[in-house]
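Trainee: Got a minute to walk me through this one? I'd like to start with the ligand.

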Amino acid sequence: MMKKLDNHRLRFATREYLPIVTGGMGVDISATALALTAAQMGGIGHISDAMLPTVVDQERRTSFVRDKLQKYKYNVANADKSEVKFDLEALGQATRLHVGSVMEAKRGSGMVFINCMEKLTMNNPAGTLKTRLDSAMDAGIDGITLSAGLHLGTFALIEDHPRFHDVKLGIIVSSVRALKLLLKKSSRTRRTPDYVIVEGPLAGGHLGFGMDWADYDLKAIAAEVVAFLAEEGLEIPVIAAGGVFTGSDAVDYIELGCSGVQCATRFTITKECGLPDSVKQEYLKAEEEDIVVNTISPTGYPMRMLKSSPAIGSGIRPNCEAYGYLLDRNGHCDYIDAYNAVVAQNPKEIRVYDKTCLCTAMRRFKVWTCGHYTYRLKETANRLPDGTYELPSAEHVIHDYLYSTDYQVHRPPLKAEIV
Ligand SMILES: Cc1cc2nc3c(=O)[nH]c(=O)nc-3n(C[C@H](O)[C@H](O)[C@H](O)COP(=O)(O)O)c2cc1C
C-alpha cells in the first residue's frame with residue numbers, strides 16, 4: 001500500500017480525527033477561518049490567544065486597546081512601565097467574545113484548540129494566564145495548547161475550573177526534559193496532558209532552542225519522547241511539528257510512533273490565513289537565503305523570520321500602554337532597554353536592531369515570522385502571468401497532506417482549468 005497520511009487517524013479516547021493539526025500562529029495569523037476549515041474537515045485547527053483584545057477590537061469595533069491606552073496615557077513617555085496593568089475583567093471579556101464566536105461558527109466533526117503562550121506575561125503572569133485560560137474554557141474551547149514556556153504551574157492555575165478534566169490539554173515541548181518537568185510539576189493535579197506536541201528546530205515563530213538550534217533534529221527528539229511515554233506506560237498521543245512539509249514527511253513521523261502532525265508554514269499562504277495578501281506574496285517569493293533565525297524578540301527565544309521583515313531595525317517608541325503583552329512581572333521588556341540605549345546615543349535617528357517592539361510589530365504584520373521551508377512554498381502555488389502567486393485554499397493544503405505520496409506536493413488546479 002502507498003504511504004499516505006489518510007491511512008491514519010489521530011485518536012483521543014474513543015474519537016478519531018484527521019491526523020493533521022493547523023498550528024497556532026499569533027497575532028491572528030492562524031485566523032478563525034483557518035481553524036474552522038481544519039475542524040470542518042475533521043482535523044484540529046488552532047486559534048491563538050495572543051493579543052485578543054486588539055483582535056476583537058478589529059473584529060467587532062470594541063475599544064479594549066483604546067480604553068487601556070486612555071487609562072495609562074500619562075505614562076507613555078516614562079521608561080518605567082510597572083504601573084501599566086491589564087484589566088482582568090476586560091481581558092476575560094475579550095477572550096470570551098473571540099472564542100465564543102469561533103465555537104459558535106464551528107461545524108463538522110473536528111475540534112478547535114487555542115494556543116496559549118506563557119511568555120505573554122502581561123505584567124501579571126499568573127493572573128493574566130489564568131484569566132485567558134479560564135475564559136477560553138468558559139466560552140467552550142475544545143482544547144488548550146500550552147506553548148512558549150515550560151508551564152510548570154499552569155495545570156494548578158486552572159484546576160478549579162469546572163472544565164479542567166473535560167477540556168483537552170496539551171503542551172508544546174522541544175525536549176523530553178521539558179516534558180518530564182511538566183509531568184512532575186503537574187502530578188499533584190492528577191491530570192496528565194491529553195496530547196504532546198513535539199516541536200523541532202525548523203518551525204516558525206519562536207524556537208524552543210538556543211542559537212544552536214541547527215544541532216537538533218525533530219525525528220530524534222520525537223523518538224525520544226515516544227520512547228519515554230511508552231516506558232512510563234502513558235498513552236498520550238504525540239504530535240510532531242516543525243518542517244513537516246509533505247504528506248509523506250507526516251507518515252514518517254507516524255511510523256516513528258507519533259499520532260499526528262502539526263503544520264503551519266504550508267498554511268501561511270492560504271486564503272484563510274490572517275496575514276495580509278501582500279505578505280503572503282513575500283513568503284511565496286522567498287528563497288532559502290532570505291530566511292534567518294535571530295534574537296530580536298524580547299522574549300529571549302530565537303525567532304525565525306524573513307530577513308526583509310520591516311520590523312528589523314525599526315525604532316518605534318515602546319507601545320506598552322496600548323499593548324504591553326511582553327512586560328514581565330516587574331513591568332520590564334528588553335525592547336524598552338534597547339530603545340532607550342539607542343535614544344541616548346542618537347535621538348535624531350532611532351533605529352533599534354537588537355530587539356523589536358514585538359507586540360506592535362506582530363499586530364501590524366511587520367515581523368514576517370515563518371518556518372524553515374518557507375522557500376519551498378512556491379512549489380505549492382500557481383504563478384500568474386504578472387509574477388504573483390494564486391493563493392491555495394486551506395482545504396487544498398489539507399487534502400495535499402492527506403493524499404500526496406512520494407514526498408510530493410501538488411499545486412491546486414489553475415482557475416482556468418476548473419471551468
Ligand atoms: C507565521 C507563524 C507564526 C507562529 N506563531 C506561533 C505562536 O504564536 N505560538 C506558537 O506556539 N507557535 C507558533 N508557530 C509555530 C507553529 O504553530 C508550528 O508548530 C510550527 O510552525 C510547525 O512547523 P511548520 O511551520 O514547519 O509546519 C508559528 C509558526 C508560523 C509559521
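**Ligand site, then a pocket**

Mentor: Sure. Around the ligand there are 22 residues, and Glu 199, Gly 243, Gln 262, Ala 264 and Thr 265 come nearest. Keep in mind that this is a predicted model.

Trainee: What is 2.5 Å from an oxygen atom of the ligand?

Mentor: An N or O atom in the side chain of Thr 265. Asn 115 also puts a polar side-chain atom 2.9 Å from a ligand oxygen. With Gly 242 the backbone takes part: one of its polar atoms is 3.2 Å from an oxygen atom of the ligand.

Trainee: And how much of the ligand's accessible area does the protein cover?

Mentor: 95% of the 610 Å² that the ligand has on its own.

Trainee: Which elements give two or more residues to that shell?

Mentor: β5 (111-117) and β11 (260-263).

Trainee: How does the shell split by class?

Mentor: There are 14 polar residues, seven nonpolar and one charged.

Trainee: Switching topic. How much space lies in the second largest pocket?

Mentor: About 350 Å³. It is lined by 17 residues, and Arg 11, Leu 234, Glu 235, Ile 236 and Pro 237 are the closest to its centre.

Trainee: Which element supplies the largest share of that lining?

Mentor: α8, with three residues. Both β1 (10-12) and α8 (218-232) supply at least two.

Trainee: And the classes in the lining of the second largest pocket?

Mentor: Ten residues there are nonpolar, four are charged and three are polar.

Notes. Residues are numbered from 1 along each chain as its sequence is written. This is a predicted model: local features need pLDDT of at least 70, side-chain atom pairs count only at pLDDT 80 or more; totals for chains, interfaces and linings use all residues. Side-chain values use heavy atoms; hydrogens and water are left out. A residue is near a molecule or strand if one of its heavy atoms lies within 4 Å of it. A polar contact is a pair of N or O atoms within 3.5 Å; within protein, one must be able to donate a hydrogen and the other to accept it, and residues adjacent in sequence count only if both atoms are side-chain atoms. Accessible areas come from the Shrake-Rupley method with a 1.4 Å probe; for residues, only the protein chains shown count as cover. Helices (H or I, at least four residues) and strands (E, at least two) are DSSP runs, numbered from the N terminus. Ala, Val, Leu, Ile, Met, Phe, Trp, Tyr, Cys and Pro count as nonpolar, Asp, Glu, Lys and Arg as charged, and the others, Gly among them, as polar. On a 1 Å grid over the protein atoms alone, a cavity is a set of points where a 1.4 Å probe fits but cannot get out, and a pocket is an open set with protein on both sides within 12 Å along at least five of seven lines; lining residues have an atom within 4 Å of a point. Grid points are joined across faces, edges and corners, and a volume is the space filled by probe spheres set on the points.
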